[in-house]
Amino acid sequence: MDLFGDPAVWLPFVFAGLMGTAILVYVILDGFDLGVGLLFPFASPTERDRMVASIGPFWDANETWLVLAIGILLVAFPVAHGVILTALYLPVAVMLVGLILRGVAFEFRVKAPTRHRGAWNKAFFGGSLASTLSQGFMLGMYITGLQFTWANIAFATLTAVFLTVGFSFIGAVWLIGKTEGALQAKAILWARRGIWGLIAGITAISAASPLVSARIWDKWFSWPEIVWLAPLPILSAVLVLTLWRVLHRLPLDGDRLAWAPFWMASALFVMAFGGLAYSFYPYVVPEQMTIYESAAAPESLIIILVGTMVVLPIIIAYSILAYTVFRGKATELTYY
């Protein structure tokens, strides 16, 4: 214990970091396969099969990160878990229904008779849409402090729309790298259109966070913080411009730069998430409860940390294995 200082200080910080990392990885990884589902109505039946094949080996592993994040919130910050889940009970329920519907439709759409496939395609799109909208709504309510006023609900609704567009964008850039031919060309077009929604969403969330809290305003716009934080929005703007230019150059001979949009979009999500984490730290419930006030007892956290150190490498190893084995372009969808 003495080696690390006060366990009541570093343990909550470690678990907050683990939970934040799990949420970020989930947003990027499950974000692209939710985005693929959101793009379903714009694709032909053959293209839909190839789109499903592009996420088939990964989507269930991607959702593991959400389970990990919620599990850490429950066991490491039980008081905050109760406050957050109580406030967001309805959108959480909608999200779970959407994830279940998407998972069932994913398996049944290929195995069902042809006359029923259209219904399962709609269920796959509907589950993806419900999950994404509910997650965006929860993000908006979290940013505004979980206070259900009409203004906050309106902002959360706007955030839900922006996150949906953002997920469809990262789904499109995933398809650019994972597919070829006509479907890749369509994905490039989807990404060119969707980038404006991504920019609007990041801008709106970044602008709203300082406005809902004087503390966050001071963290960003006080001296000298405003100077050493300036590279973050500047780098984001440069990255957006570069992404826009790359999308308008694709496709290139030899499939060059096909994966560049996905990695740049992921970097944008990382920077946006990093900005949010900096804004709200040390609060786990905005302006109500810090990670230190809501953390479980240090003795419990030590035991949980040991378990996490066993489980986390397994999740990472499984994910790396899946993405390594199934690298390359998506092939024809088959279950046989």
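Buried means under 20% relative accessible area, exposed over 50%, and partly exposed in between, with a 1.4 Å probe and protein chains only. By that scale aspartate 255, at 30% relative accessibility, counts as partly exposed.

This is a predicted model, in which local features need pLDDT of at least 70, side-chain atom pairs count only at pLDDT 80 or more, and totals for chains, interfaces and linings use all residues. Residues are numbered from 1 along each chain as its sequence is written, and side-chain values use heavy atoms, with hydrogens and water left out.

**Helices α11 and α12**

Helices (H or I, at least four residues) and strands (E, at least two) are DSSP runs, numbered from the N terminus. The axes of α11 (residues 231-247) and α12 (residues 260-280) come within 10 Å and cross at roughly 160°. Axes here are lines fitted to C-alpha atoms, for helices over the stretch in contact, and angles run from 0 to 180 degrees between N-to-C directions. The two helices are therefore roughly antiparallel; angles under 35 degrees count as roughly parallel, over 145 as roughly antiparallel, 65 to 115 as roughly perpendicular and the rest as oblique. Contact means heavy atoms within 4.5 Å. Residues making this one include Leu232, Leu235 and Leu239 of α11 and Met264, Leu268 and Met271 of α12.

**The loops and their backbone**

Most residues other than glycine have a negative phi, and most peptide bonds are trans. The exceptions below lie in loops.

| Feature | Value | Place |
|---|---|---|
| Leucine 250 to proline 251, cis | omega near -5° | proline 251: loop between α11 and α12 |
| Tyrosine 281 to proline 282, cis | omega near 10° | proline 282: loop between α12 and β1 (283-285) |
| Aspartate 255, positive phi | near 60° | loop between α11 and α12 |
| Glutamate 287, positive phi | about 60° | loop between β1 and β2 (289-290) |

Glutamate 287 counts as partly exposed, at 39% relative accessibility. Arginine 215, in helix α9 (residues 214-221), touches Glu287. Its other contacts, leaving aside neighbours within four places in sequence, are Ser279, Phe280, Tyr281 and Tyr283. The C-alpha atoms of arginine 215 and phenylalanine 280 are separated by 8.9 Å, though their positions lie 65 residues apart along the chain.

**Helices α14 and α4**

In α14, Leu301, Leu305, Thr308, Leu312, Ile315, Ser319 and Ala322 are buried. The buried residues of α14 pack against α1 (7-38) and α3 (59-76). Histidine 81 sits in α4 (residues 78-87) and counts as buried at 18% relative accessibility.
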